[in-house]
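Hi,

Here is the structure I said I would pass on. Have a look at it first, and then read on for what turned up.

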Amino acid sequence: MRIVTYDNSALVAEAQCGLQAWLRYSQHRTTTKAKLAADAGTAFHLAAEAAFKGDPPQLALSKAMDYYNALDLVGAKDRLSSSNVQRVIAAWLSRHPIRDGFLWTIDANTNSWRGLFRVHPELTEVAFQLPLGVIPCPQGCQERAPEGSPECQLCKGELIIAIHITGRLDAIVTMDGRPWVLDHKTTGKWDAHWLAQFRASSQISTYSWAAQQHLGSEIAGALINAVSMNEMNTSGARCSKHKMPYADCASMPEHFKTQLIMAERTQEELELWHRDALALAERSLKRLANFPILNEHALRSIRAQGSFTGACDWC
């Protein structure tokens, strides 16, 4: 039985637009802007991982910036510049120290420290590859070549394809005695729409389902550590609220946005996610069976639903 893996991003692309999914995940095409934003997010993840595993803030920041500065940063300016990414990560680390096993933060309303959740170093950056289900080869090998067809590029003569979901949990934490998945999210588009998207996000369902498989017990859902990666104001101009230069108060809650968002999941919701994820993966494989290589015929033939929904930048 041949194993084919999908992650949540590939399934989201499949749901949004067939052409986008095929170009990104079958033909491995990307854009420079998307890659830079993803790299900045990876740098933040590295810092958070190091802090959760016990590194002091300065060392956690150093690990993140060693990664980011080693990249090809041509075109990385403004919010994605090395200096701004460093300021953002440093600001988050200073606002979220880990003490006695708990992640703390400053309450913007009371200006006092409060514990958010317990961190478990051994449950930080948990990779997973889990079976979703099995399907017959979309090339029809079972009917066409029941003894197996080694030349089939999809099933490799195995006739049956096992679909696995892969990914990496940023962390599993404990809040109010219940386990939660923690997912770090950075953005340059901090607004109500971006903050609201996680409540029904398939990624949150993916991670919640995977965390349950890992722990062998039910979890409450996910906590999204939302972090703004907009360009921080480091000018010498005086802030009217704090009565000091913006460079000295840029990391304060009024200027630097972070928020912990709760997204609970019921068992019924996770069962529906599992059904839909398997169906999307099967649809993707059927398209790949029909269009294995990038050529003009494929580009003209594959449906570009994203041009109708507006959910795709590729169409």
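S284 counts as buried because its relative accessibility is 12%, under the 20% cut-off for that label. The residue belongs to helix α10. Leaving aside neighbours within four places in sequence, S284 is in contact with Y6 and E14. Compare its position with that of A13: 271 residues separate the two in sequence, yet their C-alpha atoms are 9.9 Å apart in space. Bear in mind throughout that this is a predicted model.

Now for the helix around it. α10 has 24 residues and reaches 36 Å from first C-alpha to last, close to the 34 Å expected at 1.5 Å a residue. Besides S284, its buried residues include L270, W273, A277, L280, A281 and L285. In an α-helix, residues three or four places apart point the same way, because there are 3.6 residues a turn. What covers the buried residues of α10? The list includes β1 (2-6), α1, α2, β5, β6 and α8 (202-215).

Two of those covering helices also pack on each other. α1 (residues 8-16) and α2 (residues 18-26) meet at an angle of about 145°, with their axes 6 Å apart, and the crossing is left-handed. On the α1 side the contact is made by S9, A10, A13, E14 and Q16, and on the α2 side by G18, Q20, A21, R24 and Y25. By type, the residues of this contact split into four nonpolar, four polar and two charged. You'll recognise E14 as one of the contacts of S284.

On to the cores. The largest nonpolar core has 43 residues, and the members that touch the most others are Y6, I161, I163, L169, I224 and L285. Helix α10 (residues 267-290) supplies the largest share of this core, seven residues. There is also a second, separate core of 38 residues, with L61, A64, L93 and M229 among its members. As background, nonpolar side chains tend to be buried together in soluble globular proteins.

I161 is worth clicking on. This residue sits in strand β6 (residues 160-175) and is classed as buried because its relative accessible area is 0%. Not counting residues up to four places away in sequence, I161 touches a list of residues that includes M1, R2, V4, I135, C137, P138, L154 and L285. I135 is 26 residues away in sequence but 5.4 Å away in space, C-alpha to C-alpha. L169, another of the well-connected core members, touches T124, E125, V126, F128, V181, Y207, A210 and A211, again not counting residues up to four places away.

That brings in E125, which has an unusual backbone. Most residues other than glycine have a negative phi. E125 has a positive phi of about 55° although it is not a glycine. Is E125 buried or exposed? E125 is buried, because its relative accessible area is 15%, and its place is in strand β5 (residues 124-136). D78 is the other residue to check: not a glycine, and yet with a positive phi of about 55°. D78 is in the loop between α4 (57-69) and α5, and is partly exposed, with a relative accessible area of 45%.

After that loop comes α5 (residues 82-95), with 14 residues and a reach of 20 Å from first C-alpha to last, close to the 20 Å expected. Its buried residues are N84, V85, V88, I89, A91, W92, L93 and R95. L93 is also one of the members of the second core.

One cysteine to look at is C152, in the loop between α6 (141-144) and β6. It counts as buried because its relative accessibility is 4%. C152 touches C137, Q139, C141 and G157, not counting residues up to four places away in sequence. From C152 to C137 is 15 residues in sequence and 9.1 Å in space, C-alpha to C-alpha. C137 turned up earlier as well, as one of the contacts of I161.

Finally, the overall picture. The protein has twelve helices and eleven strands, and 44% of its 315 residues count as buried. Its C-alpha trace spans about 75 × 45 × 35 Å along the principal axes. Among contacts with a separation of 6 or more, 71% are between residues 24 or more positions apart.

Cheers

How values were computed:
Residues numbered from 1 in each chain as written. Predicted model: local features only at pLDDT ≥ 70, side-chain atom pairs only at ≥ 80, totals over all residues. Heavy atoms only, no water. Axes fitted to C-alpha atoms, helices over the stretch in contact; angles between N-to-C directions. Helix = DSSP H or I, 4+ residues; strand = E, 2+ residues; numbered from the N terminus. Left-handed = near helix turned anticlockwise from the far one by under 90°. Contact = heavy atoms within 4.5 Å. Nonpolar A, V, L, I, M, F, W, Y, C, P; charged D, E, K, R; others polar. Expected span 1.5 Å × (residues − 1). Buried < 20%, exposed > 50% of the residue type's maximum accessible area, 1.4 Å probe, protein only. Core = buried A, V, L, I, M, F, W, Y, C linked by side-chain atoms within 4.5 Å.
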